[in-house]
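Here are my comments on the structure you asked me to look through, set out as numbered points. Please keep the sequence and the 3D view open beside them as you read.

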Amino acid sequence: MIRLTREVRFALNEMPGSDLARDGRHNRWSCWPRMVGVRPYVRLRVTLSGELNPSTGYLCNIKLVDDLVQETVVETLSMHASRGKQASELTAIAFAALSEKLPEEVKLENVELVLTPYLKYSKKSEDEKMSRVTQQFEFSATHRLHCEHLSDEENRRIFGKCNNPNGHGHNYVVEVTVDVDDQQQDINVMVELETAVMSEVIDRFDHKNLNVEVEQFASLNPTVENIAGVIWDLLDGKFVSSQLANVRVYETPKTWADYSNLK
Ligand code: NI
């Protein structure tokens, strides 16, 4: 299956009837947000699937996606946001609006509303009364990659610099994704999520030597893969208003691991 994703960037809360709202150029040039005024800036990622057009090689012309978002989503979301709709509801509204307008031969796979670089909501079906929330956290820690059952020489050969006896540090980034029933209030989900990640992960790992100070790594090599798995175990079952779906840990911007129940 081929999927195509287009990200459209725009500002919310244009005041209806204002000069800026009337002049669409301020909020659509090359799909970048307008360059004057101060309004919430969001990104909407639209993922589509379908058959390629044999003549053009296109799944869907991205200009159509841009136009549909501008014509059916920007003003609607702005209005609902100004009336206090929560982010999960805005994501569902965007999904429904696009789903209705897209050509029949194109399937809307996912809509992701990126509210900040650290928080995003997504929805993959109108029928499934669920949305997905991903929030990013960070902690700094020292670790040493070392396996007791291997010789010192084997450890040095396999882990190289990461086997330095005095350890080395990373600024880890953790992205936690949960599935949320549409009946839930975003605020309850977020408070519960942040409270659990703070007590179970950040307080436990931040500014620590993982091998020495975190019991989960007393005999477990603290690779990024194992860190993701340990964080999953620490968070699994801790949420009442949502369901843990994925834990992603970035060791560096070039290396990350996912632990999930996602198919
Ligand atoms: Ni390392």
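1. I begin with the two cysteines that I looked at one by one. C60 has a relative accessible area of 7%, and because buried means under 20%, C60 counts as buried. C162, by contrast, is at 30% relative accessibility and therefore counts as partly exposed. The structure holds zero disulfides, and please keep in mind throughout that this is a predicted model.

2. As for the overall make-up, the secondary structure of the protein chain comes to seven helices and nine strands. The chain has 263 residues, of which 44% count as buried, and it exposes about 14800 Å², with carbon and sulfur atoms supplying 50% of that area. If one takes the contacts with a separation of 6 or more, residues 24 or more positions apart account for 66% of them.

3. Next comes the metal site. Which residues are the protein donors of the nickel ion? They are H143, H168 and H170, each through its NE2 atom, and they lie 2.0 to 2.1 Å from the ion. Along the sequence, these donor residues follow the spacing H-x24-H-x1-H. H143 belongs to strand β5 (residues 130-143) and H168 to strand β6 (residues 168-181), so this pair ties together parts that are 25 residues apart in sequence. The two also differ in their cover, since H143 counts as buried at 1% relative accessibility, whereas H168, at 21%, counts as partly exposed.

4. The nonpolar interior deserves a careful look. In soluble globular proteins, nonpolar side chains tend to be buried together. Here the largest nonpolar core has 36 residues, and those with the most contacts inside it are F139, F205 and I231. The elements that give two or more residues to this core are β4 (119-123), β5, β6, α5 (186-205), α7 (224-235) and β8 (243-252). Domain 1 (2-125) and domain 2 (132-259) both contribute residues, so this core lies between them.

5. F139 is a useful residue to click on. Leaving aside its neighbours within four places in sequence, F139 is in contact with residues including F205 and I231, which were named above with F139 as having the most contacts inside the largest core. The contacts of F139 also include H170, which is one of the nickel donors. Apart from the largest core lies another, of 25 residues, among them C60, A94, L108 and L113.

6. L12 is found in the loop between β1 (3-11) and α1 (19-22). Is L12 buried or exposed? With a relative accessible area of 7%, L12 is buried. Leaving aside neighbours within four places in sequence, L12 is in contact with R39, P40, V42, V74, L77, S78 and A81. From this list I would pick out V74, which is 62 residues from L12 in sequence, while the two are 6.9 Å apart in space, C-alpha to C-alpha.

7. My last point concerns N110, which is found in strand β3 (residues 106-116). N110 has a relative accessible area of 19%, and because the limit for buried is under 20%, N110 counts as buried. Once neighbours within four places in sequence are left aside, the residues in contact with N110 are R45, V46, T47, F95, S122, K123 and K124.

Methods. Residues are numbered from 1 along each chain as its sequence is written. This is a predicted model: local features need pLDDT of at least 70, side-chain atom pairs count only at pLDDT 80 or more; totals for chains, interfaces and linings use all residues. Side-chain values use heavy atoms; hydrogens and water are left out. Donors are N, O and S atoms within 2.8 Å of the metal (3.2 Å for Na, K and Ca); water is not among the atoms, so sites may look incomplete. Helices (H or I, at least four residues) and strands (E, at least two) are DSSP runs, numbered from the N terminus. Buried means under 20% relative accessible area, exposed over 50%, partly exposed in between (1.4 Å probe, protein chains only). A disulfide is a pair of cysteine sulfur atoms within 2.5 Å. Contact means heavy atoms within 4.5 Å. A nonpolar core is a set of buried Ala, Val, Leu, Ile, Met, Phe, Trp, Tyr and Cys residues joined through side-chain atoms within 4.5 Å. Domain bounds come from an automatic or database domain assignment. Accessible areas come from the Shrake-Rupley method with a 1.4 Å probe; for residues, only the protein chains shown count as cover.
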